[in-house]
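Let's take a walk through this protein together, one feature at a time. Have the sequence and the 3D view open as you read.

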Amino acid sequence: MNRLIFATLLLYAASQTGECITGGKEAIAHSPPYMASLQWNGKYECGGFLISSQWVMSNYKCPVCCRRTSGVKVVLGAHSLSNAEDTKQTFEATAVYNHPDFSISNYDNDIALLKLDKPITESDAVNPVTFQRESSSDPEESDVVETAGWGFLNNLGERPDKLQELSIKVKQQWLCGRGDHYGTKFTSNMLCAAERLKDTCDGDSGGPLLFKGIAVGITSNGGNKCGSSKKPGLYTIISHYTGWIDSTMTQ
């Protein structure tokens, strides 16, 4: 009986503080047609999102973006990671471009672009999303934003097979930079967003943060304490990098 109680408490704790999309729900199949599954040697590593017919945006922190392009595959049109789906399109990443000023100490400039080996075939399940341009307005405090991913469901390492989605609110910038939050590691290139027990975490990195249907951020440091009020998810602000994005996509 004591073992059963202990196991129950352990599972409860994992669900509250685990590395996962916490407080979210399963997405309607293929409702975000821009979602990408980035894989290394056939294994899911992290997320990304389609921004044009041959380019996917993700983040440097994603393991596949720190390695050689050999063996990196990008799967679009997926809802289930394991099931065969007619909607899936699989590509090789012929090139991976990481931002040259990425900082390993605080994940500043955490953005990467992957070039696909061929253009996509557009469909209801595979379609690019518009990303925020430099001249546009980014979301502000208390604005509702949306994200999605296949991140862990708990601290025990359980990962969902099907895409999860989540709506959360943007936090105050000064709060995220406070000493008991991220302190000086939080920069002007980041925003943080979460609500009580609603957050993104490990495995969701590289996925998009949307505001009014436009990709405004990239899931960066989903947080080691998922759902923690003092460690909300961090997102790279895309509009700060449009010059680098446009230049890179000409290659």
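Which hand does the disulfide of Cys-46 and Cys-62 have, and why? Before answering, please keep in mind that this is a predicted model. The torsion about the S-S bond of this pair is about -65°, so the disulfide is left-handed. The two sulfur atoms sit 1.6 Å apart. Cys-46 belongs to strand β3 (residues 43-52), while Cys-62 is found in the loop between β4 (55-58) and β5, so the bond ties together parts that are 16 residues apart in sequence. You will not find either partner at the surface: Cys-46 counts as buried because its relative accessibility is 0%, and Cys-62 is buried with a relative accessibility of 0% as well.

The structure holds 2 disulfides, so let's visit the other one too. Here Cys-176 is joined to Cys-192, with an S to S distance of 1.4 Å. Cys-176 lies in helix α2 (residues 173-176) and Cys-192 in strand β10, so this bond ties together parts that are 16 residues apart in sequence. Cys-176 has a relative accessibility of 1%, and therefore counts as buried; Cys-192, at 0%, is buried too. If you number the bonded cysteines in sequence order, the pairing reads 1-2, 3-4.

With the disulfides in place, turn to the strands around them. Strand β3, the home of Cys-46, is part of a barrel that 6 strands close in the order β2-β3-β4-β7-β6-β5, with antiparallel pairing. From one strand to the next, the twist averages 40°. As general background, strands of a sheet pair through backbone hydrogen bonds, either parallel or antiparallel. For a concrete example in the barrel, follow strand β6 (residues 89-98) alongside strand β7 (residues 112-116): they run antiparallel and share 5 bridges. Along this pairing, Tyr-97 has Leu-113 in β7 as its bridge partner.

Strand β10, which carries Cys-192, takes us to an open sheet. This sheet has 7 strands in the order β1-β9-β8-β11-β12-β13-β10, and their pairing is antiparallel. Its edges are β1 (25-26) and β10 (190-193), each of which pairs on one side only. Inside the order you can pick out strand β11 (residues 208-211) and strand β12 (residues 214-219), an antiparallel pair with 4 bridges. Look for Leu-209 here, whose bridge partner in β12 is Gly-217.

While you are at this sheet, look at Gly-23, which is placed in the loop between α1 (2-17) and β1. Which residue lies 176 residues from Gly-23 in sequence, yet 7.1 Å from it in space? That residue is Asp-199, with the distance taken from C-alpha to C-alpha. Leaving aside residues up to four places away in sequence, Gly-23 touches Leu-166, Leu-197 and Lys-198.

Now for the charged side chains. In general, side chains of opposite charge can pair when their charged atoms come close. The structure holds 4 salt bridges, and we can look at some of them in turn. Back in the barrel, the side chains of Glu-92 and Lys-73 meet with 2.4 Å from N to O. Glu-92 is in strand β6 and Lys-73 in strand β5 (residues 72-76), so to speak a link between distant parts of the chain, 19 residues apart. Glu-92 counts as partly exposed because its relative accessibility is 31%, and Lys-73, at 31%, is likewise partly exposed.

Another salt bridge is formed by Glu-85 and Lys-88, whose closest N and O atoms are 4.0 Å apart. Lys-88 has a relative accessibility of 23% and is partly exposed.

The last one on our tour joins Asp-246 and Arg-133, at 2.5 Å from N to O. This pair also links distant parts of the chain: Asp-246 is in helix α3 (residues 242-248), Arg-133 is in the loop between β7 and β8 (144-149), and they are 113 residues apart. Asp-246 is partly exposed with a relative accessible area of 33%, and Arg-133, at 33% relative accessibility, counts as partly exposed too.

How values were computed: Residues are numbered from 1 along each chain as its sequence is written. This is a predicted model: local features need pLDDT of at least 70, side-chain atom pairs count only at pLDDT 80 or more; totals for chains, interfaces and linings use all residues. Side-chain values use heavy atoms; hydrogens and water are left out. Two strands pair if DSSP finds at least two bridges between them. Helices (H or I, at least four residues) and strands (E, at least two) are DSSP runs, numbered from the N terminus. Axes are lines fitted to C-alpha atoms, for helices over the stretch in contact, and angles run from 0 to 180 degrees between N-to-C directions. Buried means under 20% relative accessible area, exposed over 50%, partly exposed in between (1.4 Å probe, protein chains only). Contact means heavy atoms within 4.5 Å. A disulfide is a pair of cysteine sulfur atoms within 2.5 Å.
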